[in-house]
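Thanks for coming. I will put the structure up and then go through a few of its parts.

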Amino acid sequence: MALLMIRSVSRAVTQNSVRNSWLRSCGYAKTSAISQIQTQDPESYIEASDNETFKILANDMLVYDNFLTKEEEKSLVTEIEPVMKRMRYEYEHWDDAIHGYRETERKKWNDENQLILKRVRECSFPVGTPQIDFTHILDLKKDGYIKPHVDAVRFCGRVIAGLCLLSPCVMRLVMVDDKTRYGDILLNQRALYVMKDRARYEFSHEVLEESMSIFKGNVVPRDRRISVMCRNEPDKEDKET
Ligand SMILES: O=C(O)CCC(=O)C(=O)O
């Protein structure tokens, strides 16, 4: 269960590897479904402490609203729900990163969901990126929250792609070396986010609890939220540390 250990060795990496500018539009693969997805204006989903931080996050924290249709969201939830129902919500995470959650990993999905996840991967990872086959599923209660952490570089690489099901939330990214610099990211229900490079390595990420769930002065109502995350394989040198 290596993937579920991603938060175990959280360490910030201030030097990143390749920082090529990525396509803002969701279109690594030129299938018709993907080319229809709209590029999102970063102002609509990032509220940052300052301009420089905004620029970093506009480049390395991408959000695609309405990535999923309502039917696709339902299809994913229908497959996930029976597994989750067998588990209890936990309040004391073993690495103390999450409050009010249950989580699992899944490799095999039904055909419809397999196609959705293929689309996520095609949008999020450059062609040829070695990816972790398992998806990570995190079910957060309405009153659940995720504390600030950086995913362990030993267990996953430079890209984290997450689907947001059932509820919107605010994800806060705080610069590890200067905690006065941060960005709040609005993650709407059915959105896809792609956190990569500097956003992934130089910032911690957290999901704010209900009482703090505010974006640009507006309350973002929290409900039970399920995230489905795809990650790429760690860099070889990180894997061996
Ligand atoms: O639920 C999410 O979108 C993020 C989950 C997370 O931070 C993690 O699993 O490390």
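Among contacts between residues at least 6 apart in sequence, 84% join residues at least 24 apart. Keep in mind that this is a predicted model. The protein has 241 residues, of which 38% count as buried. Its secondary structure comes to 6 helices and 12 strands.

Let me start with helix H3, residues 70-85. With 16 residues at 1.5 Å a residue, H3 should span 22 Å, and the end C-alpha atoms are 21 Å apart, so the two values agree. H3 does bend, by about 30°, and the bend sits at Glu79. A proline, Pro82, follows within four residues of that point.

What does H3 meet in H4? On the H3 side we have Glu72, Ser75, Leu76 and Glu79, and on the H4 side Glu112, Asn113 and Ile116. Sorted by type, the residues of this contact are 2 nonpolar, 2 polar and 3 charged. As a reminder on spacing, an α-helix has 3.6 residues a turn, so residues three or four places apart point the same way. H4 covers residues 111-124, and its axis comes within 10 Å of the axis of H3. The two axes cross at roughly 115°, and the crossing is left-handed. Glu79 therefore appears twice in this account, at the bend and, given C-beta atoms within 7 Å as the cut-off, in the contact with H4.

Next, the stretch around strand S5. Arg158 lies in the loop between S4, residues 135-149, and S5. Is Arg158 buried or exposed? Arg158 has 25 other C-beta atoms within 10 Å, so this arginine is buried. Its C-alpha is 8.7 Å from that of Arg198, and the two are 40 residues apart in sequence.

Ile160 is found in S5 itself, which runs over residues 159-165. Ile160 counts as buried because 21 C-beta neighbours lie inside 10 Å, and the cut-off is 20 or more. Leaving aside neighbours within four places in sequence, Ile160 is in contact with Asp151, Met195, Arg200, Met229 and Arg231. The C-alpha atoms of Ile160 and Tyr193 are separated by 8.1 Å, with their positions 33 residues apart along the chain.

Now two residues for anyone who checks backbone angles. Asp197 has phi near 45°, which is positive in a residue other than glycine. Asp197 is found in helix H5, residues 197-201. With 20 C-beta neighbours inside 10 Å, Asp197 counts as buried, since the cut-off is 20 or more.

The other one is Asn66, where phi is near 50°, again a positive value in a residue other than glycine. Asn66 lies in the loop between strand S2, residues 61-64, and H3. Here there are 14 other C-beta atoms within 10 Å, so Asn66 is partly exposed.

Last, Pro130, in the loop between H4 and S4. Pro130 has 10 C-beta neighbours inside 10 Å and therefore counts as exposed. Which residues is Pro130 in contact with, leaving aside its neighbours within four places in sequence? The answer is Asn232 and Glu233. Pro130 and Arg231 are 101 residues apart in sequence and 9.3 Å apart, C-alpha to C-alpha. Arg231 came up before, as one of the contacts of Ile160.

That is what I have; I can go back to any of these residues.

Methods:
Residues numbered from 1 in each chain as written. Predicted model: local features only at pLDDT ≥ 70, side-chain atom pairs only at ≥ 80, totals over all residues. Expected span 1.5 Å × (residues − 1). Bend = angle between axes of the 7 residues up to and from the residue. Buried ≥ 20, exposed ≤ 12 C-beta atoms within 10 Å, placed from the backbone. Contact = placed C-beta atoms within 7 Å. Axes fitted to C-alpha atoms, helices over the stretch in contact; angles between N-to-C directions. Left-handed = near helix turned anticlockwise from the far one by under 90°. Nonpolar A, V, L, I, M, F, W, Y, C, P; charged D, E, K, R; others polar.
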